[in-house]
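Here is my note on the model, set out as numbered points. I begin with the packing of helices and then turn to the core and to two loop residues.

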Amino acid sequence: MAKTRNLYSSQFIIISTVFWVIINLLSIYFLGEEISRWFRVASSLYFVIWSFSFGVFKSKMDYVLVSYLLCDISLVYYEIQVFNFITFLARSLIFSLLIFIVFPKIRSVKFNFFELMLGIAVVAINIYLLFELLAMVPEAFIYDYFYPVYLALTLLTILLVGVAFTYNNIVSNKRSFYFLLAALFLALSDFNFFIAIYLDVPVFYYPDRFFHILALGLLLLFWIKPIEDSNNNLEQREV
């Protein structure tokens, strides 16, 4: 039981996340970004094994972790069209699952006219920016299904961040704040990766990797909070 408590704790997740962030950043610096992608895979695999050691697909978060792993594996070969396509699909699946997890908490929310107009304005601005970014993608990266999967992922990003803000405003506790930060960091990770690979600014691989792994750690903190609050009763997992 003591080992279980140690493994299923926020301290374990924080220490593991910091470890993998440091290892990944060092791997980029010393080995180069392409080789360091395997360390990105290793960090996702580590947390999948950690979760599966207490039951395979016993929670919704397991599906998020497996999607994370699939995304990272396909990203190793990102320059190959089929793997590029799989990366977009896996990333979209992560965002869709996260929206699905918290949506029941916010589906009864009613917005006033000002909030609705503000939300529409923010979405419109983000859609405009996404087309501006899309225009910057070099022709070498464009293939038949690139535009649909890129647009779908970007719209899911906007939706996830909006859902995360709404969820945090309603619940307003440490757990909802973890989820909000994770959603923001996932969006920041994608934005930095876009600049790094499509605009050829390699230094942005560092914040991409930093936010990517930190978001994973925050999602696990979001997931484990009810377990800690129930004295490590795994049956109390909400997701």
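1. A crossing is called left-handed if the near helix is turned anticlockwise from the far one by less than a right angle, and right-handed if clockwise; helices themselves are DSSP runs (H or I, at least four residues), numbered from the N terminus. By that convention the crossing of α5 and α7 is left-handed.

2. The model is predicted, with local features requiring pLDDT of at least 70 and side-chain atom pairs counting only at pLDDT 80 or more, while totals for chains, interfaces and linings use all residues. Residues are numbered from 1 along each chain as its sequence is written, and side-chain values use heavy atoms, with hydrogens and water left out.

3. The axes of α5 (residues 81-106) and α7 (residues 146-171) come within 9 Å and cross at roughly 25°, where axes are lines fitted to C-alpha atoms over the stretch in contact and angles run from 0 to 180 degrees between N-to-C directions. α5 is therefore roughly parallel to α7, given that angles under 35 degrees count as roughly parallel, over 145 as roughly antiparallel, 65 to 115 as roughly perpendicular and the rest as oblique.

4. Helix α4 (residues 60-75) and α5 have axes that come within 8 Å and cross at roughly 160°, which means that α4 is roughly antiparallel to α5. This crossing, too, is left-handed. Among the residues making the contact (heavy atoms within 4.5 Å) are Tyr-63, Tyr-68 and Leu-70 of α4 and Phe-83, Ile-94 and Phe-100 of α5.

5. The largest nonpolar core has 66 residues, and those with the most contacts inside it are Trp-50, Phe-88, Leu-98, Phe-146 and Phe-179. Such a core is a set of buried (under 20% relative accessible area, 1.4 Å probe, protein chains only) Ala, Val, Leu, Ile, Met, Phe, Trp, Tyr and Cys residues joined through side-chain atoms within 4.5 Å. Leaving aside neighbours within four places in sequence, Trp-50 is in contact with residues including Phe-12, Leu-220 and Trp-223.

6. Two loop residues deserve a look in the backbone. Phe-57, in the loop between α3 and α4, has a positive phi of about 55° although it is not a glycine, and Asp-200, in the loop between α8 and α9, has a phi near 55°, again positive in a residue other than glycine. Phe-57 is partly exposed (from 20% to 50%), with a relative accessible area of 35%, whereas Asp-200 counts as exposed (over 50%) at 61%.
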